[in-house]
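Here are a few worked exercises to try with the model open beside you. Have a go at each task before reading its solution.

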Amino acid sequence: DRFITEEDIQRIADFGFDHVRVPFDYPLIEDDDKPFVYKESGFAYLDNCVNWCRAAGLNLVLDLHRAPGFSFNEPDKIVLFGDADMQARFLAIWQAFAKRYAGEGHMLFELLNEIVEPDSTRWNALATRAIAAIREVDADHAIVIGGIDYNNVWKLKDMPIFDDPKVVYNFHMYEPFAMTHQHAGWNEAAVRFNRDMYYPDRLDGYLEFQTELGRRPDLYEGLTYMDRDFVYRFLQPAADFIAEHDLPLYCGEYGVIDEADPESRAAWTQDVAAFCTQHGIGRALWSYRGMNFGLVDETTKAPVSAALLRAAVRK
């Protein structure tokens with residue numbers, strides 16, 4: 001009731017942002033013991049935000065962060081992609097939203113946050129069905145779809161080009177991970193690494209971290225610093241996607257943990273924003289408030305750093 005209020009939405013608009021990405025988990029509107037029965041008490045929170053954004057002149061991305069049978073941060077418990085009942089609930093949720101928000105022209109639907117799957121086959125098939133389910137009742141809303149490996153930019157190439165002109169393709173950006181998630185208590189690798197990281201800085205420590213994770217060491221060949229060149233090389237698949245397909249692309253999450261020093265947060269944010277601006281890619285900073293990545297102070301709601309705010313609202 002108090003975490004995000006109309007005052008927060010207006011403040012976001014006053015800062016200079018043009019939209020809000022609103023994550024919600026399915027239990028807000030549906031209980032597991034009452035599938036396909038939707039709770040008006042939960043919808044009320046989303047309705048409020050929709051109305052506040054409209055009043056503030058902000059567009060809105062409605063992001064299904066957790067779905068029946070799916071939670072990106074519990075990969076060992078994911079059953080959505082192989083369970084017909086869970087898929088039916090997933091499709092029905094999006095039809096319910098399409099019906100409820102018909103005529104809300106300032107809204108986009110993001111099908112699912114940070115897909116965790118070994119390959120793209122099952123997710124691509126389910127996303128295709130979700131587009132069809134939404135289009136049965138709603139021809140107007142844009143639909144945001146990301147790829148596997150937590151919406152990794154390097155998986156854009158594995159996404160189909162959907163037969164729908166209003167699909168927006170999505171990726172997330174948190175590289176170099178050891179810097180953006182330093183000392184993140186929920187990530188085992190970050191806890192083990194346990195180092196203060198800065199940006200820009202030499203790559204030496206980061207390469208150790210990447211070796212431990214076993215993730216794409218080839219991306220860093222020839223680089224000695226994590227700096228603007230590092231960010232641009234990592235994001236190159238986004239530029240390639242636009243050059244090949246000329247379709248809308250969205251960086252639905254990017255940000256640096258509040259454990260990092262303020263200068264590093266601002267410098268990294270500036271470089272990601274510059275890349276996105278150069279290539280016409282929309283973007284949403286994670287996050288406005290709280291969840292270890294907040295742009296504003298928890299108590300005062302003032303920006304934690306003027307430089308970080310300038311970087312985030314860069315046009």
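**Exercise 1. Compare the span of helix 4 with the expected span.**

Start with the limits: helix 4 covers residues 121–137, which makes 17 residues. Helices here are DSSP runs of H or I with at least four residues, strands are runs of E with at least two, and both are numbered from the N terminus. Next, take the distance from the first C-alpha to the last, which is 26 Å. The expected span is 1.5 Å times one less than the number of residues, and for helix 4 that gives 24 Å, so the two values are close.

Before going on, a word on the ground rules. This is a predicted model, where local features need pLDDT of at least 70 and side-chain atom pairs count only at pLDDT 80 or more, while totals for chains, interfaces and linings use all residues. Residues are numbered from 1 along each chain as its sequence is written, and side-chain values use heavy atoms, with hydrogens and water left out.

**Exercise 2. Find the buried residues of helix 4 and what they pack against.**

First, the cut-offs: buried means under 20% relative accessible area, exposed over 50%, and partly exposed in between (1.4 Å probe, protein chains only). Buried residues in helix 4 are Trp-123, Asn-124, Leu-126, Ala-127, Ala-130, Ile-131, Ala-133 and Ile-134. Then look for their partners, with contact meaning heavy atoms within 4.5 Å. The buried residues pack against helix 3 (84–100), strand 4 (107–110), strand 5 (142–146), helix 5 (148–151) and strand 6 (167–173).

**Exercise 3. Is Asn-124 buried or exposed, and what does Asn-124 touch?**

Asn-124 sits in helix 4 and counts as buried because its relative accessibility is 14%. Leaving out residues up to four places away in sequence, Asn-124 touches Asp-158, Met-159, Pro-160 and Phe-162. Now zoom in on the side chain of Asn-124, which reaches the backbone oxygen of Asp-158 at 3.3 Å.

For contrast, try Thr-121, also placed in helix 4. Thr-121 is exposed, because its relative accessible area is 56%. Its C-alpha lies 28 Å from that of Gly-280, with the two positions 159 residues apart along the chain.

**Exercise 4. Describe how helix 1 packs on helix 2.**

Two packed helices are described by the angle between their axes and the distance between the axes. Axes are lines fitted to C-alpha atoms, for helices over the stretch in contact, and angles run from 0 to 180 degrees between N-to-C directions. For helix 1 (residues 6–15) and helix 2 (residues 40–56), the angle is about 35 degrees and the axes are 9 Å apart. Now pick out the contact residues: helix 1 supplies Glu-6, Ile-9, Gln-10 and Ala-13, and helix 2 supplies Cys-49, Trp-52, Cys-53 and Ala-56.

**Exercise 5. Track down the unusual backbone spots.**

Most residues other than glycine have a negative phi, and most peptide bonds are trans. Begin with phi. Tyr-150, in helix 5, has a positive phi of about 60 degrees, and it counts as partly exposed because its relative accessibility is 34%. His-183 has a positive phi too, near 60 degrees; it lies in the loop between helix 6 and helix 7.

Then check the peptide bonds. The one from Glu-175 to Pro-176 is cis, with omega near 0 degrees, and Pro-176 falls in the loop between strand 6 and helix 6 (177–180). Tyr-199 and Pro-200 are also joined by a cis bond, with omega about -5 degrees.

Conventions: A polar contact is a pair of N or O atoms within 3.5 Å; within protein, one must be able to donate a hydrogen and the other to accept it, and residues adjacent in sequence count only if both atoms are side-chain atoms.
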